[in-house]
Amino acid sequence: MKIIDNGLLDEVSRQATESPRLRMNYNFHDTLEANAQRLLNALEPGTELPVHRHCFTAETYIVLRGEINVFFYDDDKRVTESVTLNPLKGKYGIHIPAGQWHTLEVVEKGTVIFEVKDGPYRPLGPEDRLD
């Protein structure tokens, strides 16, 4: 059993602040080949996530603490939709359909999201980045 509590969120957030990428995963799945990828993703302001998509899986974020802005894009890298997620403001999460271009911006220090997508894990290829 693994309890998701303030201690765990604090530890993963601490690791994110020490990471050059300003983010850190805590995986609940046993292997990258698992059919369900379930993880905490601690994110700090300034972390850079490219505009990307996952062609073979949808993705769901639930914000456990903090605040993020999520952006959807079209093929020409134009923002088509955006939303601010913050559980203290009643906006908890988002479901991102497979193939949807997206990224996020971290607004608050100590932000942690619970993320779920289908496995196995597939690294982003050049065709999955909108540079």
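## Salt bridges and a small network

A salt bridge is taken here as a side-chain nitrogen of Lys or Arg within 4 Å of a carboxyl oxygen of Asp or Glu. By that criterion Glu11, Arg14 and Glu18 are linked in a network of salt bridges, and the structure, which is a predicted model, holds 11 salt bridges. Within the network, Arg14 pairs with Glu11 at a closest N to O distance of 2.5 Å. Both residues belong to helix H1, where they are 3 residues apart, or about one turn of the helix. Arg14 counts as partly exposed, at 37% relative accessibility, and Glu11 is likewise partly exposed, with a relative accessible area of 31%.

A salt bridge also joins Lys89 to Glu67, and here the closest N and O atoms are 3.2 Å apart. Because Lys89 lies in the loop between strand S5 (79-85) and S6, while Glu67 lies in the loop between S3 and strand S4 (68-73), the pair ties together parts that are 22 residues apart in sequence. The two partners sit in contrasting surroundings: Lys89 counts as exposed, at 61% relative accessibility, whereas Glu67 is buried, with a relative accessible area of 8%. In the salt bridge between Asp131 and Arg129, the closest N and O atoms are 3.9 Å apart, which falls within the 4 Å cut-off. Asp131 is exposed, its relative accessible area being 75%, and Arg129 is partly exposed, with a value of 36%.

## The five-stranded sheet and helix H1

An open sheet is formed by 5 strands in the order S1-S2-S8-S3-S6, with antiparallel pairing. Strand S1 (23-27) and strand S6 (93-96) stand at its edges, and each has a single partner strand, so one side of each is left without a neighbour in the sheet. From one strand to the next, the twist averages 20°.

Inside this sheet, strand S3 (residues 59-65) and strand S8 (residues 111-118) pair in the antiparallel sense over 6 bridges, and Tyr61 has Glu115 in S8 as its bridge partner. Helix H1 (residues 6-18) packs on the sheet, where it touches S1, strand S2 (36-43), S3 and S8, and the direction of the helix makes about 140° with that of S1. The helix that packs on this sheet is thus also the one that holds both Arg14 and Glu11.

## The three-stranded sheet

A further open sheet has 3 strands in the order S5-S4-S7, again with antiparallel pairing. S5 and strand S7 (101-106) stand at the edges with a single partner strand each, so one side of each is left without a neighbour in the sheet. The twist in this sheet averages 20° from one strand to the next.

S4 pairs with both of the edge strands. It runs antiparallel to S5, to which it is joined by 6 bridges, and in this pairing Asn69 stands opposite Thr84 in S5. The hairpin of S4 and S5 has 5 residues between the strands, and in that hairpin Lys77 takes a positive phi near 65°. S4 is also joined to S7 by 6 bridges, and these two strands run antiparallel; Phe71 has Thr103 as its bridge partner in S7.

## Nonpolar cores

The largest nonpolar core has 12 residues in all, namely Leu43, Tyr61, Val63, Ile68, Val70, Phe72, Leu85, Ile94, Ile96, Leu104, Val106 and Ile113. The elements that give two or more residues to this core are S3, S4, S6 and S7, and the largest share, 3 residues, comes from S4. Apart from this core lies another, of 7 residues, including Leu8, Val12, Leu40 and Ala42.

Leu85, one of the residues of the largest core, gives a more detailed view of the surroundings. When its neighbours within four places in sequence are left aside, Leu85 is in contact with Val63, Gly66, Glu67, Ile68, Val70, Lys91, Gly93 and Ile94. Among these contacts is Glu67, the buried residue that forms a salt bridge with Lys89.

Technical notes:
Residues numbered from 1 in each chain as written. Predicted model: local features only at pLDDT ≥ 70, side-chain atom pairs only at ≥ 80, totals over all residues. Heavy atoms only, no water. Pairing = 2+ DSSP bridges. Helix = DSSP H or I, 4+ residues; strand = E, 2+ residues; numbered from the N terminus. Axes fitted to C-alpha atoms, helices over the stretch in contact; angles between N-to-C directions. Contact = heavy atoms within 4.5 Å. Buried < 20%, exposed > 50% of the residue type's maximum accessible area, 1.4 Å probe, protein only. Core = buried A, V, L, I, M, F, W, Y, C linked by side-chain atoms within 4.5 Å.
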